Amino acid sequence: MGGRFFADVLIQGWSDGCFRNNFKNSYTQTPLVAASKISRNGADGGWLRSCQVNKDRLGLRVDEDRSLDSERNHAEEEASILAMTSEFVFSGEVPSCDVAFPGAVAAFGGSAINLPANSRIIDENSGVLSATQLILGGTAGTADYPKCGEPGVDCTVNNTDSLTESQARAIPSITVDDSGPEITAGNLAGDYYFNRQNVLMAAGNYNVVAPTRIYISDPGTNPIGQPTRFVMANANVTVSDGAYLAIYVDGDVVIDGSNPKALVIAKGTVTFANVGDETIVGRFNAGGGIESISSPTVNIPAPLKVTANEVPNNIPGICGREVIEVLNHYRYELADNKGSSCAAKQITLKACADVNCDLIYSQPSRVNLSPQNNANFQWSGNDVVSFTGQISLALDSLKGNDTKLATLGETPSSQLRCFIGGKEVGIEGCKIDFEDDGLVFKNLTDSNATIVTQLSGKPSDQGFNSKTYAIEACGNTDLLNNKIVDVDLNYSCASASNCSNKLALSNDSNTYQLGLSAETFALQFDANSRAEFTVQYPDAGEISLTGTITDRTAISGSSNIFTVRPFGFAMHILNDSGTSTNPNGYATNASGSLLKRTGENFVLGLRTVQWVDGEDSNNDGVPDNFADLANNNTAEHYSGSVILTPQQTLPAGGTAGSLSTTSVNFDNEGKVNLAVNYDEVGVISIAAQSTYLNTATVLGQVDNVGRFAPSNFSLTGNVVAACTDSDGFNYFDQPINEVSFTLTALNQNGSRTVNYYDGFDKLTNLGLQVEHDGGLLDRLENTNTISWPQSGATGQISFSDNDIAFSRLGGTALDGAYMDASIALVADSGQIESANFNGLSCTGFCVDDFGDAISFAYGRATLINNYGGADEALLLPLRTQYWDGQTWRINTYDSCTDFAHANINDVSGELVSSEDGTLSEGAYVTGGGMRLSSPNGAGNYPLTYTPEAWLLWDWDNDGEADNPPNATLTYGVYRGNDNIIYKREQINN
């Protein structure tokens, strides 16, 4: 919400006062304001300066150049005022980043997304892709049909280009030259500009350590038909927390054997090649469409798996509304308004990015201080200061004069506010009353007046930042020498802090509890009129000390505003309700209890804690062992953002994953519980780091967090039967041509969990069985060992075998046939620890089939007797049969069994055989088959034929199916004609 209006109250000069105009709209907090002088009255020029702003009104006055005269009066001027509740920019047609990258894959310009069979796309869009065309492989409703969303459903399209024509034209919104720098392996950060036809990101390790943008434009000189192209070939990319990789190409993009982990917009085609079974991380939007192929040289469609990454709010030149940080105001902060001419007054100047100064302005500022250095006043240094965020100042009143604090110009310019004792007083009340006598809070160790950063709960004379402090009288001090003197003491809470508990101040073996209101305490001063003291504050905050001689109010003073930070973060893994420690929260080896599966929330508790003696042996302010912080007292009133970083512990040599939340905010509290999940297998540490009040670093760490396990196991595979001329068919005991599968341990995003090894690969009870009519047959033999790799492509089993066979029962026992069965992988559900098995939950044993259907049956080969003329080459009829559960049938599924005349066993050794070939539907093709001739003429010849072992049968009735079929060929007997049933001679007489 905002409002623009003309000032009702005309604006006069600096020396004329502060001229206030009420806002036309109502605001719940102080708005952002801009004002412009819209008249030119009087002989002197001038510009507007703010003198007050709150949620109701804005105070303005006109300031003048004082190079020729020092007067600052000015004639009445008109002003135009703009008030806004938040900052904004106008960005024309440049899309927001959510529009520019609407999902894992998207297309514009009427182009298509091509997803081959078994593709998997995971993003936030419930299975709907942004494009006008979607070309899909596989069969709708089946397992191989491309799946989108989480949980996966059949992919669909919204029939809308992901970018409009005007949005596409608006990208990039910057000029792209060819200034580079070149892309080389190592750390990547900042901007890379290319105006050329080809850009290569070659093999190597690339660490994106900060926001990184690659802009590639078409030079306009490419040969006809050859677009600008960006190729990422075998690049290993990692992206640090808070960083991103964005790529714009005015042409084509080829992702070859790489996982870019990037946000990519291409005016041409985005092609994925050689990505194998890896899940690509990123977002890809293409004006020429999306495709996935096996390799750049072999244009065969290959499955594509993409999981969308996070989208930043703004990518300069590509998308988003860049919000420029606004300086809200400057502020002076003082412990009180009392000073002494014998000691400098400590003052803090801050540049604030919001109305409450919860955010410090992160850009450099330059301020001209008032009063200026002169014969009456002297700043500790120059009266023009440059700083970022905040600066500590000290002002001496050389002659004991009082003064008002102000500024004489700032860059960037903004209003000035003043806080004394944590309360706002207005610019006119920003005064220091200097007395001849006073109390000074001295740092005796460093010979200055600065109380340095303290640790919550730590006495100031021990350990980290140990110093000796004293309250020292200046001016007429004779009354304090070696005296016990009553002093009114209190501490003040700075404007950005909250305070409630007492501060302990110790002097001469006495400890006093100071509050926010002054109380009288007896302090022992020494011969130098010093009362040495230590302070110990239990909480976090910005505070200062104030003292006044009880019966001499003119003798008073205050310390600088100093920071008290927590000693560290005590961190715990809590139960799901966040009320106590989770007994399954920690593991020291792969046998440790399961904390959560990937993607499942666990509760991380963080608590800001006080210092305890003996926990910081080197006095660096960092705990020796973060585990020791568990029983430390809480330091309350902490505010700030804490960055969380996972660190890999187990398995050794593993890869650290990502936490779902990388930061947590404290808001004036000492304890925060956070629901968070992790996307990798193993055991980790979680490190915490926060910069308190922009100056002090607070650390924490919890070790041995876990164990984490996969959330899903995906299965794909292939089965090629021994005979595939019709439907897939195998005889019992006959090797299956191919049984291959890939089993991948996945996280919640569908990415492989690469740490699933070294004992963390719990799923070891795996086997192959035959599934038929809802039942399992554990009859497969000659199966290779199924095990998880311990190096290389960990977290994924790639199994292949070509001699697996479905076994006979033994002897002559017959069973089957098992038609339209399938090969299934059977897993122990206990070992997958309640994860999904190929997307489905299971109990007991998890079963999922893969590959094409296959039929199994008991088979045998048969021979048939034959006879004919002595000079005839007789056919030896060979057939294959299978047992259908009731009888033997000619196997019409068998058009694969080869026959060879060399396998004929002629007992006599006299016959001559010929012809080889392959059966068709269990028998010879017409005119084909093995033939034998008898050189010795007529006779009976017993024969056998030796088939493959799976076609032997119990022809001798001894209970073992180990005999070849047999038959007799008879030569010298007229065989007759197959078309004549009966023939006789008719005598006509």
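**Exercise: positive phi**

Glu833, at a relative accessibility of 16%, counts as buried (buried is under 20% relative accessible area, exposed over 50%, partly exposed in between, with a 1.4 Å probe and protein chains only). The model is predicted: local features need pLDDT of at least 70 and side-chain atom pairs count only at pLDDT 80 or more, while totals for chains, interfaces and linings use all residues. Residues are numbered from 1 along each chain as its sequence is written, and side-chain values use heavy atoms, with hydrogens and water left out.

Task: State the phi of Glu833 and its place in the chain, then do likewise for Ser126 and decide whether Ser126 is buried or exposed.

Solution:
- The phi of Glu833 is positive, about 55°, although the residue is not a glycine.
- Glu833 sits in the loop between strand 68 and strand 69 (helices, H or I with at least four residues, and strands, E with at least two, are DSSP runs numbered from the N terminus).
- For Ser126, phi is near 55°, again positive in a residue other than glycine.
- The loop between strand 9 (120-122) and strand 10 (128-129) holds Ser126.
- Ser126 is exposed, because its relative accessible area is 62%.
- For reference, most residues other than glycine have a negative phi, and most peptide bonds are trans.

**Exercise: cis peptide bonds**

Task: Find where Pro172 and Pro651 lie, and give the state of the peptide bond that leads into Pro172 and into Pro651.

Solution:
- The bond from Ile171 to Pro172 is cis, with omega near 0°.
- Pro172 belongs to the loop between helix 2 (165-169) and strand 15 (186-195).
- From Leu650 to Pro651 the bond is cis, with omega near 0°.
- Pro651 is found in the loop between strand 55 (638-650) and strand 56 (663-669).

**Exercise: a three-stranded sheet**

Task: In what order do strands 2, 4 and 5 lie in their open sheet, and which of them are edge strands?

Solution:
- The order is 2-5-4, with antiparallel pairing (two strands pair if DSSP finds at least two bridges between them).
- Strand 2 (19-22) and strand 4 (47-53) are the edges, as each pairs on one side only.
- From one strand to the next the twist averages 35° (axes are lines fitted to C-alpha atoms, for helices over the stretch in contact, and angles run from 0 to 180 degrees between N-to-C directions).
- Strand 4 and strand 5 (residues 57-63) run antiparallel and are joined by six bridges.
- Across this pair, Ser50 is opposite Leu60 in strand 5.

**Exercise: a four-stranded sheet and Asn712**

Task: Describe the open sheet that has the order 66-62-60-69, then place Asn712 and list its contacts.

Solution:
- The sheet has four strands and mixed pairing.
- Its edge strands are strand 66 and strand 69 (836-837), each paired on one side only.
- Nine bridges hold strand 60 and strand 62 together in the antiparallel sense.
- Val720 is opposite Glu738 in strand 62.
- Asn712 is part of strand 60.
- Asn712 is buried, because its relative accessible area is 16%.
- The side chain of Asn712 reaches the backbone nitrogen of Gly839 at 3.0 Å (a polar contact is a pair of N or O atoms within 3.5 Å; within protein, one must be able to donate a hydrogen and the other to accept it, and residues adjacent in sequence count only if both atoms are side-chain atoms).
- With neighbours within four places in sequence set aside, the contacts of Asn712 include Thr744, Ala745, Leu746, Ala835, Asn836 and Phe837 (contact means heavy atoms within 4.5 Å).

**Exercise: the nonpolar cores**

Task: Which residues touch the most other members of the largest nonpolar core, and which strand gives the most residues to it?

Solution:
- This core has 46 residues, and those that touch the most other members are Phe713, Phe741, Leu743, Leu768, Ile823, Leu825 and Phe856 (a nonpolar core is a set of buried Ala, Val, Leu, Ile, Met, Phe, Trp, Tyr and Cys residues joined through side-chain atoms within 4.5 Å).
- Among the elements that give two or more residues to this core are strand 60 (712-720), strand 62 (738-746) and strand 70 (845-857).
- Strand 68 gives the most, with five residues.
- A second, separate core has 43 residues, including Ala104, Leu115, Val275 and Ile290.
- Outside its neighbours within four places in sequence, Leu743 is in contact with residues including Phe713, Leu715, Trp788, Ile797 and Leu825.

**Exercise: strand 81 and its partners**

Task: How many bridges join strand 81 to strand 77, and how many join strand 81 to strand 82?

Solution:
- Strand 77 (residues 904-906) and strand 81 (residues 939-945) run antiparallel, joined by three bridges.
- Ile904 has Tyr945 as its bridge partner in strand 81.
- Strand 81 and strand 82 (residues 966-971) run antiparallel, joined by six bridges.
- Asn940 is opposite Thr970 in strand 82.
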